[in-house]
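Biologist: I should like to become acquainted with this structure. May I put some questions to you about how it is built?

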Amino acid sequence: MARLANKVAIVTGGAGGIGLAAARCFVNEGARVLLVDRDEAALLAATRSIGSEAASHAVADVTRPEDVERFVQVAVDRYGGLDVFANNAGILGAVKPITEYPIDMFDAVLAVNVRGVWLGLKYAMPAMARRGGGSIIVTASTAGVRGSLGLSGYVASKHAAVGLMRVAALEGAPLGIRVNSVNPSPIETAMVHQLEEGIAPGAPAEGKALLASRSPLKRYGTPEEVAKLMLFLASDESSFCTGGVYMVDGGRTAM
């Protein structure tokens, strides 16, 4: 039997690398999935690429309460409830020292990566509770457990995301809701390509080589490798897992 048979899932950041891989993985395991993103064209292309009637989409900005409340209700109305929420949307921000970091960019990063996660929890948890429980996966980062030069906004936001996950795990337990985070190191995504350019302007290949060298496995991960961990946490196989910080980092945080 498929691991997510009869489950309903929402994936924010669904047009991006990890979000799309998770959505595809969930559909392949029997779930009906609502992909959410603010880029309508990219979202439509992502949904079509899955090639299944079990995938649909909703355009939304995760920083807007009315948008978040609406896409949760869309999933409930369209599919009958909510069992799995991949709270995945995020942005990188600038790659600059704290003293040079633009204030408006810092605010933008926290709006998406912290406020967006919090709003997702706020509106998804009641829908899951009405269903009798479920699983929430917060996409954090190795930046959520360690520092990184030039990424003050991103690091602060991902530490906050881990903190929100832990609070939600405590509050969700009596409702049958499990909440965990996945914490990737660099993955082959557009966001990491932005990071490559930020750390090695004009020479992204050098940036990639540097980032890959910091992992004991000496490579980037793939979106599909992250999605497989998300699938485990979404499924009943992880029924005793909540409040956990799950690394998918090629050993980076072991160093």
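Modeller: Certainly. Please keep in mind that this is a predicted model.

Biologist: In what order do the seven strands of the open sheet stand?

Modeller: Strands of a sheet pair through backbone hydrogen bonds, either parallel or antiparallel. Here the pairing is parallel, and the seven strands form an open sheet. Their order is β3-β2-β1-β4-β5-β6-β7.

Biologist: Which strands stand at the edges, each with a single partner strand?

Modeller: A strand with a single partner has one side left without a neighbour in the sheet. This applies to a strand at residues 55-59 and to another at residues 245-248. From one strand to the next, the sheet twists by 20° on average. The edge strands are β3 and β7.

Biologist: How many bridges join strand β2 to β3, and which residue in β3 stands opposite V36?

Modeller: Strand β2 covers residues 32-37 and runs parallel to β3. Five bridges join the two strands. Opposite V36, in β3, stands A58.

Biologist: Which strands does helix α3 lie across, and at what angle does helix α3 run to β2?

Modeller: Helix α3 comprises residues 65-79. It lies across β1 (8-12), β2, β3 and β4 (84-87). Its direction relative to β2 is about 160°.

Biologist: Which strands does helix α5 touch as it packs on the sheet?

Modeller: Helix α5 spans residues 152-172, and its direction makes about 160° with that of β6. The strands it touches include residues 134-139 and residues 177-184. By name, the strands are β5, β6 and β7.

Biologist: How many salt bridges does a search of the whole structure find?

Modeller: Side chains of opposite charge can pair when their charged atoms come close. One of the salt bridges joins R219 to E225, with the closest N and O atoms 2.8 Å apart. R219 is partly exposed at 40% relative accessibility, and E225 is likewise partly exposed at 31%. Over the whole structure, the number found is eight.

Biologist: Which residues do salt bridges that share partners join into one network?

Modeller: E66 and R64 meet through their side chains at 2.5 Å, N to O. D67 forms a salt bridge with R70 at 3.8 Å between the closest N and O atoms, and these two lie three residues apart in helix α3, about one turn of the helix. The network joins R64, E66, D67 and R70.

Biologist: Is D67 buried or exposed?

Modeller: Its partner R70 has 37% relative accessibility and counts as partly exposed. For D67 the relative accessible area is 12%. Since buried means under 20%, D67 is buried.

Biologist: What is the geometry of the aromatic pair formed by Y101 and F106?

Modeller: A search of the whole structure finds one aromatic pair. Y101 and F106 form this pair, with 6.2 Å centre to centre and 85° between the planes. Y101 is buried, at 9% relative accessibility, whereas F106 is partly exposed, at 29%. Because planes over 60 degrees apart count as edge-to-face, the pair is edge-to-face.

Biologist: At what distance from the ring centre does the charged end of K208 sit over Y220?

Modeller: K122 offers another example of a lysine over a ring, lying over the face of Y123 at 5.9 Å from the ring centre. The charged end of K208 sits over the ring of Y220, and the distance from its centre is 5.2 Å.

Terms used
Residues are numbered from 1 along each chain as its sequence is written. This is a predicted model: local features need pLDDT of at least 70, side-chain atom pairs count only at pLDDT 80 or more; totals for chains, interfaces and linings use all residues. Side-chain values use heavy atoms; hydrogens and water are left out. Rings of Phe, Tyr and Trp (its six-membered ring) pair if their centres lie within 6.5 Å; planes under 30 degrees apart count as stacked, over 60 as edge-to-face and the rest as tilted. Buried means under 20% relative accessible area, exposed over 50%, partly exposed in between (1.4 Å probe, protein chains only). A charge sits over a ring if NZ of Lys or CZ of Arg is within 6 Å of the ring centre and within 35 degrees of the ring normal. Two strands pair if DSSP finds at least two bridges between them. Helices (H or I, at least four residues) and strands (E, at least two) are DSSP runs, numbered from the N terminus. Axes are lines fitted to C-alpha atoms, for helices over the stretch in contact, and angles run from 0 to 180 degrees between N-to-C directions. Contact means heavy atoms within 4.5 Å. A salt bridge is a side-chain nitrogen of Lys or Arg within 4 Å of a carboxyl oxygen of Asp or Glu.
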